[in-house]
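Welcome to this short tour of a protein model. Please keep the sequence and the 3D view open side by side as you read.

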Amino acid sequence: MKYFHNLKIATKLLISFAIVLSFCVLLGVFSIFQLAKVNETATELNVNWMPSVEAVLMLKKDVLEFRVQELQHILSNDDAERTAVEKKQGEILARFEKTNEMYKKLISEPGEKVMYAEFSGLWEQYQMEDFKILGLSRTGKRDEAMAAVRGKSSQLMMEIT
């Protein structure tokens, strides 16, 4: 310590600034490495997770729209309305299948695969129920169709969404 005390002021200032500068450089290097980690995480979110989340939300939207059309079918008063509703359901199913295929390619986690398999099974069961409901609706059995909508169909819809 006495050695530092005996130095000239210019030398002391130079040593002090060198120490502060070296700390700043170390802090900068550390920050760059930490920002690289943040960038890696953000890139993974952008490339892997966000498209998956977007696809899942689109699937959910299509499922709910399909359900609305199912109810519209029951409430329809004539065959022309029912035909229009069935056409709309076909369009929704086509969009659903396209999104579903896109989502299958994005699945990356084992837990996600299990959830998707469960979802697919429930969706198949729901479509079978929908087929029964539309059959009842076409034959004018509105009350039976509504009872079916409130029964297993409703339970499956709750599990799907």
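## Reading burial

A residue is called buried when its relative accessible area is under 20%, exposed when that value is over 50%, and partly exposed in between. Isoleucine 15 makes a handy first example: its relative accessibility is 33%, so isoleucine 15 counts as partly exposed. You will find isoleucine 15 in helix 2. Please bear in mind that this is a predicted model.

## Helix 2 from end to end

Helix 2 covers residues 9-75, 67 residues in all. From its first C-alpha to its last, helix 2 reaches 93 Å, close to the 99 Å expected at 1.5 Å a residue. Where does the kink in helix 2 lie? Look at tryptophan 49, shortly before proline 51, where the kink is about 40°.

Helix 2 also takes part in a nonpolar surface patch, to which it gives the most, with 4 residues. The patch is made by Phe4, Ile15, Ile19, Phe23 and Leu26 and has an area of about 480 Å². Isoleucine 15, our opening example, is one of these residues.

## What is covered, and by what

The buried residues of helix 2 include Asn48, Ser52, Ala55, Leu59, Asp62 and Val63. Further along helix 2, Phe66, Arg67, Gln69, Glu70, His73 and Ile74 are buried too. Which helices help to cover the buried residues of helix 2? Among them are helix 3 (79-106), helix 4 (110-138), helix 5 (142-150) and helix 6 (152-160).

Valine 63 is a good place to look at this cover in detail. This residue of helix 2 has a relative accessible area of 1%, so valine 63 is buried. Setting aside residues up to four places away in sequence, valine 63 touches Phe96, Phe119, Trp123, Met157, Ile160 and Thr161. Take the last of these partners, threonine 161: valine 63 and threonine 161 are 98 residues apart in sequence, yet their C-alpha atoms are 8.1 Å apart in space.

## Helix 3 beside helix 2

Is threonine 99 buried or exposed? Threonine 99, found in helix 3, is buried because its relative accessibility is 4%, and the cut-off for buried is under 20%. Apart from neighbours within four places in sequence, threonine 99 is in contact with Ala55, Met58, Leu59 and Asp62. Of these partners, Ala55, Leu59 and Asp62 appear among the buried residues of helix 2.

Two other residues of helix 3 are worth a look. Leucine 106 has its place in helix 3 and, leaving aside neighbours within four places in sequence, is in contact with Asn48, Pro51, Ser52 and Ala55. Leucine 106 and methionine 50 are 56 residues apart in sequence, with 10.0 Å between their C-alpha atoms. Glutamate 101 also lies in helix 3, and at 37% relative accessibility glutamate 101 counts as partly exposed. From glutamate 101 to alanine 55 the C-alpha distance is 9.7 Å, while the two are 46 residues apart in sequence.

## A network of salt bridges

How many salt bridges does a search of the whole structure find? There are 9. Side chains of opposite charge can pair when their charged atoms come close. Here, Lys61, Asp62, Glu65 and Arg95 are linked in a network.

Start with lysine 61, which is partly exposed at 42% relative accessibility. The side chain of lysine 61 meets that of aspartate 62 in a salt bridge (3.6 Å, N to O). Lysine 61 forms a salt bridge with glutamate 65 as well, where the closest N and O atoms are 2.9 Å apart. Glutamate 65 is partly exposed at 24% relative accessibility. Lysine 61 and glutamate 65 both lie in helix 2, 4 residues apart, about one turn of the helix. An α-helix has 3.6 residues a turn, so residues three or four places apart point the same way.

Aspartate 62, buried at 2% relative accessibility, also meets arginine 95 in a salt bridge (2.8 Å, N to O). This pair links distant parts of the chain, with aspartate 62 in helix 2 and arginine 95 in helix 3, 33 residues apart. Arginine 95 counts as partly exposed, since its relative accessibility is 32%.

Note on methods. Residues numbered from 1 in each chain as written. Predicted model: local features only at pLDDT ≥ 70, side-chain atom pairs only at ≥ 80, totals over all residues. Heavy atoms only, no water. Helix = DSSP H or I, 4+ residues; strand = E, 2+ residues; numbered from the N terminus. Expected span 1.5 Å × (residues − 1). Bend = angle between axes of the 7 residues up to and from the residue. Buried < 20%, exposed > 50% of the residue type's maximum accessible area, 1.4 Å probe, protein only. Contact = heavy atoms within 4.5 Å. Patch = residues over 30% accessible without salt bridge, like charges linked within 9 Å, V, L, I, M, F, W, Y side chains within 5 Å. Areas by Shrake-Rupley, 256 points an atom, 1.4 Å probe, with all protein chains shown as cover. Salt bridge = Lys/Arg side-chain N within 4 Å of Asp/Glu carboxyl O.
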